[in-house]
Structure formats: C-alpha cells, structure tokens
Amino acid sequence: MGCSGELVADPGSSDWDSGTPEPNADDTVSEGPVADDPDSTGGEAPGPSSGEPSAQPSGEAEPTSQPSADLSEQMDTSAQLDEERQAADPDLAVIAAEYFPGSSLGAAPPRLTRLTQIQLDLTAQDLLPDYTIESVSARMPRDPQETNYQYAANLRIDAANFAPYVQWAAQLGARVQAAPEHLFPCAETDTACLRDHAASFVARAFRNVPSAAQQTRFVDFFLSSVEEVGLAEAARDLVDVTLTSPHFIFRDEVHRDAQGRLEAAQRLQHLTYALADMPPNAVGLQDAAQDYFASDSTRQQTVRQILDSPAARDKLARFVLAWLEIPEDASGFNLSPQHFPQFDAEVAAASIEELEALVEAALRDDSPSLRAVSQTNDEPAAALASLYGLGRRDDTLPTTERLGVFTRAGFIAAHSGPETTRLIKRGAYLMRKVACLEMALPPDGLDTTIEERTDVSERERIEAATSANECRGCHGLINPFGFILENYDAMGRYRERDEAGYSVYAPTALPEIGDDTLHPTAVEALRALTESARFEQCFTRQAFRFYTQQKETADDDPVLREVFFQFARDDKQDLFALLTSLATSPTFDTRAEAP
C-alpha cells in the first residue's frame, strides 16, 4: 500500500516541453520553397522582418540581461500603482502583495510566435472571406499543450507539420485559382486595379508588420506572374507564397521604438491575437496610419474595442473551457461504457454543450464576472435531465446540490473514470488549476497503488492509503479538494452513497485557502473556495498563462499584482477588468533589447 500515483499523468496535458531544438527562422520555407518565392532573397535566409536578429520563430528568444530603456519609467509606474492600490483598498493591496511579492519588473525577451491553429484558421477566413476555408487542424497534427494551454515555446513548424501546412495553403490557393474574381475583381489587363488589390491582400496577410519594400516584392511577383501565366494561376501563386511566408505564419515581437515598446504594428497584432485570436483588421482596427496607442485613454479604448468583439468573447469562452479542462468532443471523456452505460455519446456531447452554453451565457454581460461561471445555476440541458434527477425540461437544479460549472456533469465526468470517481484526480485538478498550490511527484520507488477494499467508504479508503508520512505532504493538500466533490459519481449524478454503498461523508475544511470552517455540503465548500483570494489569484495566473502563452516568473509579479487587484476589487471578479489590466501592462507593451 502506498501513496496514489494519479498525479504523474497530468489530465489535460498532452506533452511537456521535450527540449526539442527549435527551427531556424527560415524553416517555414526551407523544406519546399515555391519557385520564384518573393520571400527568398538570393541565398539570404528570409526572416519575419528586415534587419532582425537571428531568432527562433516557434518560441522565445534567448533571455537577455539588457533591459529596456523604458524600464525605469515602468518601475516608477509600478511603484505608483502599489500606492494607488494601498489607498483604494488596503486589505486587498496587502493580499496582492502577499501572492505576488516580487518588486523587480523584467522586460520580456523578444520572440517570434507561430500562430495557433485557431489563429491560422481565423486569419485565413478574414483574408479570404469569399472562399470555403478548411480548418488547418484537419491537416496539421495537434500542437502540444501544457496543462491544456498552448505555450508559444511549444508552437513550431517542423518536419511533422510542415507538409500538411503547405498542403493546406495550396488547397486555398487552388480555390482562389478556380474563382480569382472574388479576390481580384479586375480585368486581367487592369494593372492598377490588380496592384491595389494585391497590395491590400499582402498588407492584411502580414498585418502591416514588414516594410513597404518587402510587401512590394510580393506585389511585383504577382504582377509579373499575371503577364506570364495569367490571372488565375498568378492569384493561386500569390496566395500560396503569402500563406507559406514567415510573415504570415509568425507574429513578430521583436522591434522596439525609442521607449523600448514594441513598434506599433507588432504591438497591435500582438494585442488582437492575444485577446481575440484574430488580426487587427478583423476586429475593426484596419487603419495602418492611426495610432491606437497615442495615450493611455486611447490604449484603453483600443483594448475595449477588441474585448467587445464577438471574437474576443469566443476566446474568453475557450479560455474558461481550457481552464476547466473540458474535452473538445465526446471522445475525450474517459468513462468505461461497461461501468457507466448511461453516459453514452449523446449524453457526453450534451454535457459539453451544456457547459459551453453556460459559459457563453455568463460572458454576455458588458462586464462579465467569473462568479456567473462558478456560481450560477442556469437551466440544465434536456438530455441531462434524468442524470440530474429532474423530471421535465423546465425543472431547475436544486441549489442544495449544484453550484456553477464545478457541479455540472461535463466537468465532473472530465475529471473521473474510467471506473471510479477518482477523488484524487479531482482534488489534483482543483489544487493545480483552481488554487495554484505547487506539488511534487511521488518519490521514486514509492508504491502508489491504492488497495481495493469494500469494507470502508471511498473516502476512508483514500485516507487510509495516503496516511503514511511520505504521502501526507502532498495528499494533505490534495485530499480535501477531492472530498469536496464526493457527493457526485463519475457521471456527475448527485449521490448520498458511494460505489460500495457507504454513506458519503461530505463535510470538508479547506485550510489551504485560509478557511478552517467545516463546510457541511459541496455547495458551501465550493462557494467558499470560489470566493476566496486564493481562487482569485490562481485564476489571475491561469489567465496570464493562457493569454501570454507563457508561464509567469517572479519578474511578472508587479504586473500580476495589478491584474489581480483589478480583477478581485469590490468582490466583482470582473473578467474584462482583468484582461484590460493585463493587455495594458508592460507584459504586452515592452520587450528587452535584443542581445
């Protein structure tokens, strides 16, 4: 008998950083260059912007010790914000400083980030709205994730996905070739019209980041091709070379202005992709000559315009579902059909749809709150009525049994199975993603099996198996979180007896969130958890990781203090306040000087 080993495999995580070498800056064209590719420069490796340092497109550049020239000004601003928080809400300011104590604000290193598959899809749809766009995910293998998030360092073009990506781009080119008039409503002899439309296409595809001279190379390539092979083939080739160019596939976060901030075009695309997974043009920020960051108020207005877009709401919903580690489809659940035949494909799909609808409804408000996700009992899905013990469609969920997403069937089933409720797995999720408590893996050689017993309750079985000294360090944290959800079986049905027929002992205390109260029900324990400062600081960290595509470090503490404070103040858990604070922080604006 020993400690449980259920933590070794991280649910919702497919791959950890393998240490695979990242590709060179020209890997996107090196395995199959298009003839007469305008992105090729006579033997010089093409890069996402002229004159840039040698960089790694799929991840972060090497850290640099050369700080931004503007860093001292930002440090002054950080100190000023500390004072303002102290004046506005002294108690919350103290909590913010306890969770995020670091005082050194470090500028992020420059990096080139490959677009995610969702971003590639949405960018292509915006670029070619009159054509049917097959999702790139239908061809490219799934990108690796860490704790269900896509980090920039793990996104790359490599041998596994290069050919499928090129095939996807070629297929789009073929569709344009079949109907070029949608992209070029011009006579084949009207050079001025063709030039204007080609220039607009290239500028939108590259988000106005490359220089005018670089973009002109693509336009000239297209015009010469029209003369040689005709409009249809030239249009196909332009789409092909544009979509396989590093300028399209990667986002530059490299070049800085005199104040150490990202240049305007790079800054704008970083903002729109981070908040909405779309290029600036798609959210109404298409004027390349306009300064969307002219002042603090202008910057706030720009962020708000992005957040008000349907695309930003969609991304926020994707974040919440990724945070909850909900499967993308019914095949992602791990429940044994022999043990849980009622949880068939229809019920599994309905449980996901129910959560998606709940999250979508919670985010409709002008200032959406996380409380609407974690504590609202919206009407259940009709297909789940019997699972919830309801007799008809208009029944509401009992408030004594259900509270928000953490008690819905889709969430419970995602963290159960295949044959049991797996209380430890549930507890590990809540500890990692809801409370952000760190935990080591079991010591090497430790027996992590849990003895099968029918003479005690499930809770007693777990407590007995994890009571040894070498287990209590981790399971003293994990078990209480898992016991919160003991009233729900693997499918999410409410129960008062466990699988062995023993009465469920529900009372749970959560000292790790600063609450020694013995909460008699799951609803009361979950309410205490989701209203706690530990929950709010953890959600702040999760949002930072998802939206910046990287893990936080101590150098991010000054930013996270402010983001947490704006999110948690007045007990609102305001999601737009969180995202606005993050998007207007130095994390988004500033990059360190390249070495």
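**Close-up 1. Helix H18 of the predicted model bends by about 55° at His 475.** The helix covers residues 469-484, and its 16 residues reach 23 Å from the first C-alpha to the last, close to the 22 Å expected at 1.5 Å a residue. His 475, where the bend lies, is itself buried, as are Cys 471, Leu 477, Ile 478, Asn 479, Pro 480, Phe 481, Gly 482, Phe 483 and Ile 484. The buried residues of H18 pack against helix H16 (423-434), helix H17 (458-465), strand E3 (508-510) and helix H19 (522-530).

**Close-up 2. The second largest cavity holds about 40 Å³ of space.** Its lining consists of Gly 476, Leu 477, Pro 480, Phe 481, Ala 509, Leu 510, Pro 511, Glu 512 and Ile 513. H18 and E3 are the elements that give two or more residues to this lining, and the largest share, four residues, comes from H18. By class, the lining residues divide into seven nonpolar, one polar and one charged.

**Close-up 3. The largest cavity, with about 70 Å³ of space, belongs to a structure that holds four cavities of 30 Å³ or more.** Ala 108, Arg 111, Glu 253, Gln 550 and Arg 591 are the closest to its centre among the 10 residues that line the largest cavity. Two nonpolar, four polar and four charged residues make up this lining.

**Close-up 4. The second largest pocket contains about 610 Å³ of space.** Of the 26 residues lining this pocket, Thr 77, Leu 81, Arg 299, Thr 584 and Ser 585 lie nearest its centre. At least two lining residues come from each of helix H2 (71-88), helix H11 (296-307), helix H21 (557-568), helix H22 (575-583) and helix H23 (586-589). The lining comprises eight nonpolar, 11 polar and seven charged residues.

Conventions: Residues numbered from 1 in each chain as written. Predicted model: local features only at pLDDT ≥ 70, side-chain atom pairs only at ≥ 80, totals over all residues. Heavy atoms only, no water. Expected span 1.5 Å × (residues − 1). Bend = angle between axes of the 7 residues up to and from the residue. Buried < 20%, exposed > 50% of the residue type's maximum accessible area, 1.4 Å probe, protein only. Contact = heavy atoms within 4.5 Å. 1 Å grid on protein atoms, 1.4 Å probe; cavity = no way out; pocket = protein on both sides within 12 Å on 5 of 7 lines; lining within 4 Å. Points joined across faces, edges and corners; volume = space filled by probe spheres on them. Nonpolar A, V, L, I, M, F, W, Y, C, P; charged D, E, K, R; others polar.
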